[in-house]
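Biologist: Before I lean on a model like this at the bench, I would like to learn how its features should be read, one at a time. Could we begin with a position in a loop and work outward?

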Amino acid sequence: MSDVKIVLNRYGVKELLRSSEMQQICKDYAYAAKSRLGPGYEVTYMIGKNRANARIEATTMGARIRNIRNNELLKALK
């Protein structure tokens, strides 16, 4: 058996995680989850220090209450 050692290029991985393709993947997942939720949720996305991020937030009081009672955000991500 041969001993193979893989060394990642940190700069390349960081570039990949911040790329426009990764941003699109995050947006797609976030909007797909939002489509499974009721009204009152909003999607935001940004490029952070190390990677692309997407966020779903309950913006209305009704959505916040439904999320607290039923854990809607977590269930929508499955």
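**Reading the model feature by feature**

Modeller: Gly38 lies in the loop between helix H2 (20-35) and strand E1, and please keep in mind throughout that this is a predicted model.

Biologist: Why does Gly38 count as partly exposed?

Modeller: Partly exposed covers the range between buried, under 20% relative accessible area, and exposed, over 50%. Gly38 has 32% relative accessibility, and therefore counts as partly exposed. As for its distance from another position, the C-alpha atoms of Gly38 and Arg51 are separated by 28 Å, with the two residues 13 apart along the chain.

Biologist: On one side of that loop comes E1; how many bridges join strand E1 to strand E2?

Modeller: Strand E1 (residues 41-47) runs antiparallel to strand E2 (residues 52-58), and 7 bridges join them. The two strands form a hairpin, with 4 residues between them, and within this pairing Tyr41 stands opposite Ala58 in E2. As a general idea, side chains in a regular strand alternate between the two faces of the sheet.

Biologist: And which residues of H2 are buried?

Modeller: The buried ones are Cys26, Lys27, Ala30 and Ala33. They lie on the same side of H2, because the arc they cover around the axis is only 130°. Ser20, Glu21 and Ser35, on the other side of H2, are exposed. The helix itself has 16 residues and reaches 22 Å from its first C-alpha to its last, close to the 22 Å expected at 1.5 Å a residue.

Biologist: Turning to charged side chains, how many salt bridges does the structure hold?

Modeller: The cut-off to remember is a side-chain nitrogen of Lys or Arg within 4 Å of a carboxyl oxygen of Asp or Glu, and the structure holds 2 salt bridges. In one, the side chains of Arg55 and Glu57 meet at 3.8 Å, N to O, and Glu57 is partly exposed because its relative accessibility is 32%. In the other, Arg66 meets Glu72 at 3.4 Å, N to O.

Biologist: Are Arg66 and Glu72 buried or partly exposed?

Modeller: Arg66 counts as partly exposed because its relative accessibility is 27%, whereas Glu72, at 17%, counts as buried.

Biologist: Finally, which residues make the nonpolar surface patch?

Modeller: Val4, Ile6, Leu8 and Val13 make this patch, which has an area of about 440 Å². Val4 sits in the segment before helix H1 (10-17), and Val4 is exposed because its relative accessible area is 66%.

Terms used:
Residues are numbered from 1 along each chain as its sequence is written. This is a predicted model: local features need pLDDT of at least 70, side-chain atom pairs count only at pLDDT 80 or more; totals for chains, interfaces and linings use all residues. Side-chain values use heavy atoms; hydrogens and water are left out. Two strands pair if DSSP finds at least two bridges between them. Buried means under 20% relative accessible area, exposed over 50%, partly exposed in between (1.4 Å probe, protein chains only). Patches are made of residues with over 30% relative accessible area and no salt bridge: like charges are joined within 9 Å, nonpolar side chains (Val, Leu, Ile, Met, Phe, Trp, Tyr) within 5 Å. Accessible areas come from the Shrake-Rupley method with a 1.4 Å probe; for residues, only the protein chains shown count as cover. The expected span of a helix is 1.5 Å times one less than its number of residues. The arc is that of the directions from the helix axis to the C-beta atoms.
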